[in-house]
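Work through the exercises below with the model open beside you. Try each task before reading its solution.

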Amino acid sequence: MKINSARLQQHFEAMSLIGKIGETGTCRPAHSELEKQAFELAASWMTDAGMKTHIDNFGNLIGRLEGKNPLLPVFMMGSHLDSQPYGGRFDGVAGVLCAIEVVATLTENKVQPERPIEIISFADEEGWRFNKGLFGSRGILGKLEEGELQRTDKDGITRQQALKDFGCDVTQFPASTYPQGSIFCFLELHIEQGPILDLANKPIGVVSGISGPLWLTVKLKGMAGHTGSVPMAIRKDALVGTAEIIVAVNEIATQIPGAPTVGSVGTINVFPASRNIIPEEAEFTIDLRDIDLERRNRYEKQLRNRIEAIAAKHQLTYSISEDTKSDPRYCADWIKEIIHNQCESLNLSAPELMSGPFHDALALSYACDYGMIFVRCKDGISHNPLEYSSPEDLAVATNVMLGTVSEILKR
Ligand SMILES: [Zn+2]
């Protein structure tokens, strides 16, 4: 059994037109009209592959291939079709389209599995619109947090309103959740979003686990004043404090050369944002990740101490809110072994690597065993219109996935 690589490539090309920006970029915000269009297109391919489709109350697109025994725990695959505001054509898309191609191939070969297979395009994996990601994948597991529906996007639209506009009924979340034990395992194919496979000249990687992100939002408050008159010595400049904290994040994350720790400040909002007013408030987000939880906890403590000291130095008050804190999660050995065997049978040597970015699989890891297949992306570029994985690599990865699925279905 082999997948149809021409069809797969056509699907990538058709999907890239929805929310296209520039020559090769994509902007498909979560719960948007563009995501709806992407869902309709993907659903048509799921239907062609013999699946029944629906959109649940979290805004997830779900395709189901019925098993001979519909009561068995479902074998789940998937990823996401929402994108970064300035994103590429493969992040998330690969995990949905390659899974559809796998199921289409099974159906064409008249394979009806014992257990049901579901492919989900999870809602709002990316997390930039409401400053919190993995919405759909946490939603189906009953893992949403207090106040999540009241989070707003930059236009002041709440998550609740966006879901309603998308056609979801937020009072019916329980009807869309998966009871414990109802998911057999989860498999996600994703582009690597880093340079390791490209540097090693290998098309495929077997993921060993996902390092946990810590997302903080920090607010600093000082005192506004005229930039032309207030003496430097008595200023309470929130943006100067922010600048020192940004440097501190960088220093903390780089203190062990070569370690996989990463830390960044990705957004800043300044108030009142006038060229001749001393910045009174600054709010910014910190993203700190490590595969070593003990080390990440140690760095978090260092970071909080530095923030306190820097705020004191500039006479600022501050608050820190925690948006996300996940532990590193490791892939199931038995699924890794199957993926390795499939790679070997296709004469591929596939290195094992950790994922720095999080994925929907991170949420699913709390409900079932999971595995991930990484596909090489050019120069490791992602979250950027220049993101690129070749049709050849995607086809090879999908064949690895097909073999993996066939083996998992024997269990
Ligand atoms: Zn992704």
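**Exercise 1. A residue with an unusual phi**

Where is Gln-315 found? Then classify the exposure of Gln-315, and do the same for Leu-134.

Solution. This is a predicted model.

Step 1. Gln-315 is found in the loop between α8 (293-313) and β12 (317-325).

Step 2. Check the backbone. Gln-315 is not a glycine, yet its phi is positive, about 55 degrees. Most residues other than glycine have a negative phi.

Step 3. Classify exposure. Gln-315 has a relative accessible area of 47%, so it is partly exposed.

Step 4. Turn to Leu-134. This residue also is not a glycine and has a positive phi of about 55 degrees. Its place is in the loop between β6 and α4 (135-139). Its relative accessible area is 6%, so Leu-134 is buried.

**Exercise 2. A cis peptide bond**

Which residues does a cis peptide bond join?

Solution.

Step 1. The bond joins Phe-271 and Pro-272, with omega about 0 degrees.

Step 2. Place the proline. Pro-272 is found in the loop between β10 (262-271) and β11 (281-290).

Step 3. Recall the general rule. Most peptide bonds are trans.

**Exercise 3. A buried arginine**

Arg-115 is buried. What lies around its side chain?

Solution.

Step 1. Locate it. Arg-115 sits in the loop between α3 (93-108) and β6 (117-121).

Step 2. Look for an opposite charge. The nearest such side chain is Glu-114, 9.0 Å away, and Arg-115 has no salt bridge. A salt bridge needs the two atoms within 4 Å.

Step 3. Look for backbone oxygens. A polar atom of the Arg-115 side chain lies 2.6 Å from the backbone oxygen of Pro-73. A polar atom of that side chain also lies 3.4 Å from the backbone oxygen of Arg-411.

Step 4. List contacts beyond four places in sequence. Among them are Gly-67, Asn-69, Phe-184 and Leu-409.

**Exercise 4. Two helices that pack**

At what angle do helices α1 and α3 pack? Which residues make the contact?

Solution.

Step 1. Helix α1 (residues 5-16) and α3 pack at about 145 degrees, and their axes are 10 Å apart.

Step 2. The contact residues from α1 are Arg-7, Leu-8, His-11, Phe-12 and Met-15. On the α3 side they include Val-93, Leu-97, Glu-101 and Glu-108.

Step 3. Name the hand. The crossing of α1 past α3 is right-handed.

**Exercise 5. Salt bridges**

How many salt bridges does the structure hold? Find the exposure of each partner in the pairs Arg-151 with Asp-323 and Lys-336 with Asp-333.

Solution.

Step 1. The structure holds 25 salt bridges. Side chains of opposite charge can pair when their charged atoms come close.

Step 2. Take the Arg-151 and Asp-323 pair. Their side chains meet at 3.5 Å, N to O. The pair links distant parts of the chain, 172 residues apart: Arg-151 is in the loop between α4 and α5, and Asp-323 is in strand β12.

Step 3. Classify both. Arg-151 has 23% relative accessibility, so it counts as partly exposed. Asp-323 has a relative accessible area of 8%, so it is buried.

Step 4. Take the Lys-336 and Asp-333 pair. The closest N and O atoms are 3.5 Å apart. Both residues lie in helix α9 (residues 333-345), 3 residues apart, about one turn of the helix.

Step 5. Classify these two. Lys-336 is at 13% relative accessibility, so it counts as buried. Asp-333 has a relative accessible area of 55%, so it is exposed.

Step 6. Find a network. Salt bridges that share partners join Arg-7, Glu-101 and Glu-108 into one network.

**Exercise 6. A serine in a loop**

Is Ser-176 buried or exposed? Which residues does it touch?

Solution.

Step 1. Ser-176 is found in the loop between α5 (159-166) and β7 (183-191).

Step 2. Its relative accessible area is 10%, and the cut-off for buried is under 20%. Ser-176 is therefore buried.

Step 3. A polar atom of the Ser-176 side chain lies 3.1 Å from the backbone nitrogen of Asn-57.

Step 4. Not counting residues up to four places away in sequence, Ser-176 touches Asp-56, Asn-57, Phe-58 and Ile-140.

Key:
Residues are numbered from 1 along each chain as its sequence is written. This is a predicted model: local features need pLDDT of at least 70, side-chain atom pairs count only at pLDDT 80 or more; totals for chains, interfaces and linings use all residues. Side-chain values use heavy atoms; hydrogens and water are left out. Helices (H or I, at least four residues) and strands (E, at least two) are DSSP runs, numbered from the N terminus. Buried means under 20% relative accessible area, exposed over 50%, partly exposed in between (1.4 Å probe, protein chains only). Lys and Arg count as positive and Asp and Glu as negative; His and the chain ends are not counted. A polar contact is a pair of N or O atoms within 3.5 Å; within protein, one must be able to donate a hydrogen and the other to accept it, and residues adjacent in sequence count only if both atoms are side-chain atoms. Contact means heavy atoms within 4.5 Å. Axes are lines fitted to C-alpha atoms, for helices over the stretch in contact, and angles run from 0 to 180 degrees between N-to-C directions. A crossing is left-handed if the near helix is turned anticlockwise from the far one by less than a right angle, and right-handed if clockwise.
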